Amino acid sequence: MAQVTFKNNPVTLVGNEVKVGDQAPDFTVLANDLSPVSLNDSEGKVRLIISVPSLDTGVCDAETRRFNEEVASIGGDVAFYTVSVDLPFAQKRWCAAAGIEGVHTVSDHRDLSFGEAYGVYMKELRLLARAVFVIDRTGTVTYVEYVPEGTSHPNYEAAIEAVKAALAK
């Protein structure tokens, strides 16, 4: 299992660690209108999925904005999701305030389905660890980053290169 800290304190990740080459596990989360969203909803697309502790924090806000800009500049058939345990109403409010339209913010607050399926549920905090997953059109995981410290940024360049490589297939 990946080892991560949050504010330099070790946390216990619950669920299954996802690795490159795995078939991406399905999950069910909630869209901002409370409708269910699953991995299968974006079947046939390249998927960039990031998990963040909360959109209402500086790093999570900056990360979502940065990936949103990068995905928009790439073009192509990419579905971009930011998953957190923030309530769907808070996510919708954040998107409106941030002027973000390209990302699907989805909430894992109800069942922690994504958190457990991808091994990012931090037991002590009931939040999701910061991680990045790229899934190709066939549902195979092509890139994984479990960010070692929850308050740090991911490797944006490596993730975007993985998205581009998946689009080129």
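Strands, here, are DSSP runs of E with at least two residues, and they are numbered from the N terminus along with the helices. By that count Leu34 sits in the loop between E4 and strand E5 (36-38). The model is a predicted one, and Leu34 is a handy place to start reading its backbone. Its phi is near 75°, a positive value in a residue other than glycine. With 43% relative accessibility, Leu34 counts as partly exposed.

Arg126 tells a similar kind of story. It has a positive phi of about 50° although it is not a glycine, and its place is the loop between E9 and E10. At 38% relative accessibility, Arg126 is partly exposed. Two glycines with positive phi turn up right behind helices: Gly75 comes just after H1, with phi at about 75°, and Gly99 follows H2, with phi near 65°.

The strands on either side of the Arg126 loop belong to a small piece of sheet. Here 3 strands form an open sheet, ordered E3-E9-E10, with antiparallel pairing. Strand E3 (13-14) and strand E10 (127-128) are at the edges with a single partner strand each, so one side of each has no neighbour in the sheet. In general, strands of a sheet pair through backbone hydrogen bonds, either parallel or antiparallel. E3 is joined to strand E9 (residues 121-122) by 2 bridges, and the two run antiparallel. One of the residues involved is Leu13, whose bridge partner in E9 is Met122.

Turning to the helices, H1 (residues 58-74) passes a simple geometry check. Its 17 residues, at 1.5 Å a residue, should span 24 Å, and the end C-alpha atoms are indeed 24 Å apart, which agrees. The buried residues of H1 are Val59, Cys60, Glu63, Thr64, Phe67, Asn68 and Val71. Looking down the axis of H1, these buried residues fall within an arc of 160°, so they line one face of the helix. An α-helix has 3.6 residues a turn, so residues three or four places apart point the same way. Gly58, Glu69, Ala72 and Ser73 are exposed, on the face of H1 turned away from its buried side. As for what the buried side meets, the H1 residues there pack against strand E6 (46-51), strand E7 (78-84), helix H2 (88-98), strand E11 (131-135) and helix H4 (156-168).

H2 can be read in much the same manner. Pro88, Ala90, Gln91, Trp94, Cys95 and Ala98 are its buried residues. They cover an arc of only 160° around the axis, which puts them on the same side of H2. Phe89, Lys92, Arg93, Ala96 and Ala97 are exposed on the other side. The packing partners of the buried H2 residues are strand E4 (28-30), H1, E7 and strand E8 (104-107).

E7 thus shows up in the packing of H1 and in that of H2. Thr82 lies in this strand and, at 0% relative accessibility, counts as buried. Neighbours within four places in sequence aside, Thr82 is in contact with Ile50, Val52, Leu55, Thr64, Val103, His104, Thr105 and Val106. Thr64 in that list is one of the buried residues of H1.

The nonpolar packing comes next. The largest nonpolar core has 32 residues, of which Ile49, Phe114, Tyr118, Val120 and Phe133 touch the most other members. Elements giving two or more residues to this core are strand E1 (4-6), E7, helix H3 (113-117), E9, E11 and strand E12 (141-146). Beyond its neighbours within four places in sequence, Tyr118 is in contact with Asn16, Val18, Ala24, Pro25, Phe27, Leu39, Phe133, Ile135 and Tyr146. Apart from this core lies another, of 25 residues, with Trp94, Ala98, Tyr156 and Ile160 among them.

What about disulfides: how many does the whole structure hold? The search finds 0. Cys60 is in no disulfide, and the nearest cysteine sulfur, in Cys95, is 13 Å away. From the other end, the closest cysteine sulfur to that of Cys95 is in Cys60, and 13 Å is too far for a bond; the cut-off used is 2.5 Å between sulfur atoms. Cys60 is buried, at 0% relative accessibility, and Cys95 counts as buried too, at 10%.

Lastly, Ala165 lies in helix H4 and is partly exposed, at 44% relative accessibility. Ala165 and Glu124 are 41 residues apart in sequence, and their C-alpha atoms are 36 Å apart in space.

Methods: Residues are numbered from 1 along each chain as its sequence is written. This is a predicted model: local features need pLDDT of at least 70, side-chain atom pairs count only at pLDDT 80 or more; totals for chains, interfaces and linings use all residues. Side-chain values use heavy atoms; hydrogens and water are left out. Two strands pair if DSSP finds at least two bridges between them. Helices (H or I, at least four residues) and strands (E, at least two) are DSSP runs, numbered from the N terminus. The expected span of a helix is 1.5 Å times one less than its number of residues. Buried means under 20% relative accessible area, exposed over 50%, partly exposed in between (1.4 Å probe, protein chains only). The arc is that of the directions from the helix axis to the C-beta atoms. Contact means heavy atoms within 4.5 Å. A nonpolar core is a set of buried Ala, Val, Leu, Ile, Met, Phe, Trp, Tyr and Cys residues joined through side-chain atoms within 4.5 Å.
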